[in-house]
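I opened this entry to keep track of what I looked up, one item at a time.

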Amino acid sequence: MPSPCPTAAAAARTGAQVLAVDFAPGMVARIAGAGLPNVAARVMDGQALALPDGGFDAVFSIFGVIMFPDWRKGLAEMARVTRPGGRGVVATWQDQGAATFLLLGAIRRRLFPERESRAMPDGVRALGDPAGFTREMVAAGYGTPRIDRVTFDYVLDVALLDDPDTVFGLSPDWVDLSADDRAAVIAEARRMAGGRPVLPIPSTALISVAER
């Protein structure tokens, strides 16, 4: 069974002492229950970390801070708790999102070009290009980051389209579609799969590594 927090697990395997934080008690309970070595888990608001200044050698947010209501405060809090000379690592999606969100957006633009899609969260849009990402990391308190672009194929099991709410249900661009529109989206996704059992969705992330 995959770890509920792969970043924490990967860091722990190096022998590091890891603190994993999340605002959701259920997620923290899952992390604590996994019994990962060297990992403590605490419920905490990433926009106001109850942690001392400069207490960590490295601070990571993998597709997390980009979703915060005040994502700039989240970045600033990351920088605050990173020791001088330590590293901050932040991952975001490019501004069209990733995986099934990316697929649904592409299909909507193809089938319903006259309709506007819902905007991605402000953090995703602001950090979705390297220049903007660099500006915001520096404004948060980090030095100029190295930003790498990484593309991977999210693999959609086409059989899941039999219950499309499990595939697209988290997207506001799905919720506002009529039953006929939804049927058209599913038909287009199946057409794109071309009879294959899986549909690869190339998804691009930007990963920023910056020194404090």
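The entries below cover one helix, its packing, and a few single residues.

**Entry 1: the model.** I noted before starting that this is a predicted model.

**Entry 2: helix H4.** I looked up the extent of H4 and found that it covers residues 99-111, which is 13 residues. From the first C-alpha to the last I read 19 Å, close to the 18 Å expected at 1.5 Å a residue.

**Entry 3: the buried side of H4.** Which residues of H4 are buried? I listed Ala99, Thr100, Leu102, Leu103, Leu104, Gly105, Ile107 and Arg108. I then checked what these buried residues pack against. The partners are two strands, S5 (146-157) and S6 (198-211), and three helices, H7 (165-168), H8 (172-175) and H9 (179-193).

**Entry 4: H4 against H9.** I took this pair next and read an angle of about 110 degrees, with the axes 10 Å apart. Angles of 65 to 115 degrees count as roughly perpendicular, so H4 and H9 are described that way. On the H4 side, I found Leu103, Leu104, Ile107, Arg110 and Leu111 in the contact. H9 contributes Ala184, Val185, Glu188, Ala189, Arg191 and Met192. I sorted the residues of this contact by class and got eight nonpolar, three charged and no polar ones.

**Entry 5: Ser171.** I found Ser171 in the loop between H7 and H8. Is Ser171 buried or exposed? Its relative accessibility is 7%, and the cut-off for buried is under 20%, so Ser171 counts as buried. I followed its side chain to the backbone nitrogen of Asp173, at 3.1 Å. Setting aside neighbours within four places in sequence, I found Ser171 in contact with Phe101 and Leu104. I had already met Leu104 among the buried residues of H4 and in the contact with H9.

**Entry 6: positive phi values.** I looked up two residues with positive phi that are not glycine, beginning with Asn38, where phi is about 65 degrees. Asn38 sits in the loop between helix H2 (25-33) and strand S2 (39-43). With a relative accessible area of 31%, Asn38 is partly exposed.

Ala99 was my other case, with a positive phi near 55 degrees. Where does Ala99 lie? I placed Ala99 in helix H4. Ala99 has a relative accessible area of 15% and is therefore buried, the limit being under 20%.

Definitions and conventions:
Residues are numbered from 1 along each chain as its sequence is written. This is a predicted model: local features need pLDDT of at least 70, side-chain atom pairs count only at pLDDT 80 or more; totals for chains, interfaces and linings use all residues. Side-chain values use heavy atoms; hydrogens and water are left out. Helices (H or I, at least four residues) and strands (E, at least two) are DSSP runs, numbered from the N terminus. The expected span of a helix is 1.5 Å times one less than its number of residues. Buried means under 20% relative accessible area, exposed over 50%, partly exposed in between (1.4 Å probe, protein chains only). Contact means heavy atoms within 4.5 Å. Axes are lines fitted to C-alpha atoms, for helices over the stretch in contact, and angles run from 0 to 180 degrees between N-to-C directions. Angles under 35 degrees count as roughly parallel, over 145 as roughly antiparallel, 65 to 115 as roughly perpendicular and the rest as oblique. Ala, Val, Leu, Ile, Met, Phe, Trp, Tyr, Cys and Pro count as nonpolar, Asp, Glu, Lys and Arg as charged, and the others, Gly among them, as polar. A polar contact is a pair of N or O atoms within 3.5 Å; within protein, one must be able to donate a hydrogen and the other to accept it, and residues adjacent in sequence count only if both atoms are side-chain atoms.
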